[in-house]
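Here's a single part I'd like to go over slowly. Please start with the geometry, then work outwards to whatever sits around it.

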Amino acid sequence: MTDPIADFLTRIRNAIMARHKVVEVPASNLKKEMTKILFEKGYVLNYKFIDDGKQGIIKIALKYDPVSKVPAIKKLGRISTPGLRKYTGYREVPRILNGLGIAILSTSRGVISDKEARIQKVGGEVLCYVY
């Protein structure tokens, strides 16, 4: 697999389109941090890290509106790819839908959201957009 982050986002996107309640993805430290951010920002209902003796698995419970069954995640987009990395300074960190969405960045201080990057005044690689 050349791009595990794109695979992570695609598995979530496909599960949402199929209206699944839970999706399982292979674990890595970067994916764990991205999952934590998605949970903190309210895009997923819950998550669980399972150690299977090998790589590990992340179980993610997807969030839907209880009445209209609309998913909390409307769009997931990979920005920085292995073939074309996208970096940004803290002054140019993108605002997604005027602050309604989030950008996830990989910085020298770890994987953080766009808002935290502006507060901490740190730039980095823009991994993906979520809204």
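Q: What span should the 14 residues of helix 1 have at 1.5 Å a residue, and how far apart are its end C-alpha atoms? Please take a close look at helix 1 and its surroundings.

A: A bit of housekeeping before the numbers. This is a predicted model, where local features need pLDDT of at least 70, side-chain atom pairs count only at pLDDT 80 or more, and totals for chains, interfaces and linings use all residues. Residues are numbered from 1 along each chain as its sequence is written, and side-chain values use heavy atoms, with hydrogens and water left out.

On to helix 1. At 1.5 Å a residue, its 14 residues should span 20 Å, and the end C-alpha atoms are indeed 20 Å apart, so the two agree. The expected span here is 1.5 Å times one less than the number of residues. Helices are DSSP runs of H or I with at least four residues, strands are runs of E with at least two, and both are numbered from the N terminus.

Next, the side chains. I5, F8, L9, I12, A15 and I16 of helix 1 are buried. Down the helix axis, these buried residues fall within an arc of 130°, so they line one face of helix 1. Buried is under 20% relative accessible area, exposed is over 50%, and partly exposed is in between (1.4 Å probe, protein chains only); the arc is that of the directions from the helix axis to the C-beta atoms. As background, an α-helix has 3.6 residues a turn, so residues three or four places apart point the same way.

Now for the neighbour. Helix 1 (residues 4-17) and helix 2 have axes that come within 10 Å and cross at roughly 40°. That makes helix 1 oblique to helix 2, since angles under 35 degrees count as roughly parallel, over 145 as roughly antiparallel, 65 to 115 as roughly perpendicular and the rest as oblique. The axes are lines fitted to C-alpha atoms, for helices over the stretch in contact, with angles from 0 to 180 degrees between N-to-C directions.

Helix 2 (residues 29-40) has 12 residues and reaches 17 Å between its first and last C-alpha, close to the 16 Å expected at 1.5 Å a residue. K31, M34, T35, I37 and L38 are buried in helix 2. They cover an arc of only 160° around the axis, which puts them on the same side of helix 2. The face turned away from that buried side carries the exposed residues N29 and E40. Just after helix 2, G42 takes a positive phi of about 85°.

There's also a sheet to look at. Three strands form an open sheet in the order 1-3-2, with antiparallel pairing. Its edge strands are strand 1 (22-26) and strand 2 (44-50), each of which pairs on one side only. On average, neighbouring strands of this sheet are turned by 20° against each other, direction ignored. Two strands pair if DSSP finds at least two bridges between them. Strand 1 and strand 3 (residues 57-62) run antiparallel and are joined by five bridges, and K59 in strand 3 is the bridge partner of E24.

One last stop is the loop between strand 3 and strand 4 (76-78), where D65 is found. D65 counts as partly exposed, at 33% relative accessibility. P66 lies in the loop between strand 3 and strand 4 too, and is exposed, with a relative accessible area of 64%.
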